[in-house]
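Got your viewer open and a selection box ready? Let's walk through this one stop at a time, picking something and seeing what is there.

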Amino acid sequence: MVGILGHLFDPLTLMAMVAGIGLVALLQNGGAHFARAFAALRPLVTARPARDRDAARAAMLRIDQVAQLRGLSCTDRVKTADPFLGEAARRLANCEKVEQFELWAAQALADRGQRHAAVRNVWLSIADAAPALGMAGTIIGLVGMFAAMDDPARLGPSMALALLTTLYGVVIANIVAAPIAARLADLSERELAWQQEAVARMLAIARRENAPLRRASIREVA
């Protein structure tokens, strides 16, 4: 078994495949998105969307309480570990009109979704390119085999190249890149879901606190 696995590992062929696949993904997506795709491997493992959602809901309860007691201008005093929620609370506290906050939130969520999609597309590009380059390596190996039909000793390396490039292409596409892309898509959907929920709650608070009767009652309490 160990001997078979040893035959399946050819460092030079694997490095050539990885370099070619990386070049294709880089040309298709650009350097910035390519770098972010590999930076996303860390949150791929560490992200906890359910925990972040629950923390956001707890923070929203505190923001609601502060808004009722002291008004919108004090909502940024609620501390939260999430950068998006912290920025949203700051914007909510400093907005002069509800429409300003609503416009910022819509743009921020759209930009965030686009960044997530761009990173995911890099891994989808890798998943698409790997089998194609594997097939190209197979063709090169077959050409080498046909060119060496008069020398049986040269048939083995060419056949190995033809089969290994196909194997590496399938493994990189279906065991590495495609699962990563699917996991990133799931994390993005769940993250955007709780952020949209938080924004909707903030908008409801802003509209309530900006109502004329509510503003008058706060002034009386103050």
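**First stop: an arginine and its partners**

Select Arg 201, which counts as partly exposed because its relative accessibility is 31% (buried means under 20% relative accessible area, exposed over 50%, partly exposed in between, with a 1.4 Å probe and protein chains only). Before you click further: this is a predicted model, where local features need pLDDT of at least 70, side-chain atom pairs count only at pLDDT 80 or more, and totals for chains, interfaces and linings use all residues. Residues are numbered from 1 along each chain as its sequence is written, and side-chain values use heavy atoms, with hydrogens and water left out.

Now add Asp 64, which is buried at a relative accessible area of 11%. Its side chain meets that of Arg 201 in a salt bridge, 3.2 Å from N to O (a salt bridge is a side-chain nitrogen of Lys or Arg within 4 Å of a carboxyl oxygen of Asp or Glu). This pair links distant parts of the chain, with Arg 201 in helix H8 and Asp 64 in helix H5, 137 residues apart. Helices here are DSSP runs of H or I with at least four residues, strands are E runs of at least two, and both are numbered from the N terminus.

**More salt bridges**

Next, select Glu 191 and Arg 112. They form a salt bridge whose closest N and O atoms are 2.9 Å apart. Glu 191 lies in helix H8 and Arg 112 in helix H7, so this pair ties together parts that are 79 residues apart in sequence. Arg 112 counts as partly exposed, at 21% relative accessibility. While salt bridges are on screen, add Arg 208: bridges that share partners join Asp 64, Arg 201 and Arg 208 into one network.

Which residue does Arg 57 pair with in a salt bridge? Pick Glu 197 and you'll see: the closest N and O atoms of Arg 57 and Glu 197 are 2.8 Å apart. Arg 57 is in helix H5 and Glu 197 in helix H8, so the pair ties together parts 140 residues apart in sequence. Both ends are partly exposed, Arg 57 at 40% relative accessibility and Glu 197 with a relative accessible area of 36%. The full count by this rule comes to ten salt bridges.

**Into the largest pocket**

Keep Arg 112 and Glu 191 selected and add Pro 43, Ala 47 and His 116. Of the 28 residues lining the largest pocket, these five lie nearest its centre. A pocket, on a 1 Å grid over the protein atoms alone, is an open set of points where a 1.4 Å probe fits, with protein on both sides within 12 Å along at least five of seven lines; lining residues have an atom within 4 Å of a point. The space inside is about 740 Å³, a volume being the space filled by probe spheres set on grid points joined across faces, edges and corners.

Colour the helices next: H4 (41-46), H5 (49-70), H6 (83-94), H7 (98-147) and H8 (155-209) each supply at least two lining residues. H5 gives the largest share, seven residues. By type, the lining divides into 14 nonpolar, four polar and ten charged residues.

**Annotated stretches**

Select residues 12-32, 122-147 and 159-182, which an unreviewed UniProt entry annotates as "transmembrane region". Residues 12-32 are 95% helix and 0% strand, with end C-alpha atoms 28 Å apart. Residues 122-147 are 100% helix and 0% strand, and there the end C-alpha atoms are 37 Å apart.

Then try 81-193, where UniProt (unreviewed entry) places "domain: MotA/TolQ/ExbB proton channel". That span is 89% helix and 0% strand, and its end C-alpha atoms are 18 Å apart.

**Two distances to try**

Pick His 33, in helix H3 (residues 31-39), and Val 122. They are 89 residues apart along the chain, yet their C-alpha atoms are separated by 7.1 Å. Now go to Leu 163, found in helix H8, and counted as exposed at 57% relative accessibility. Leu 163 and Ala 185 are 22 residues apart in sequence and 32 Å apart in space, C-alpha to C-alpha.

**Zoom out**

Finally, show everything: the protein has nine helices and zero strands. The C-alpha atoms fill a box of roughly 100 × 35 × 20 Å along the principal axes. Of the 222 residues, 34% count as buried.

Technical notes:
Ala, Val, Leu, Ile, Met, Phe, Trp, Tyr, Cys and Pro count as nonpolar, Asp, Glu, Lys and Arg as charged, and the others, Gly among them, as polar. UniProt positions are given in the numbering used here, feature names are shortened, and annotations may be inferred rather than shown by experiment.
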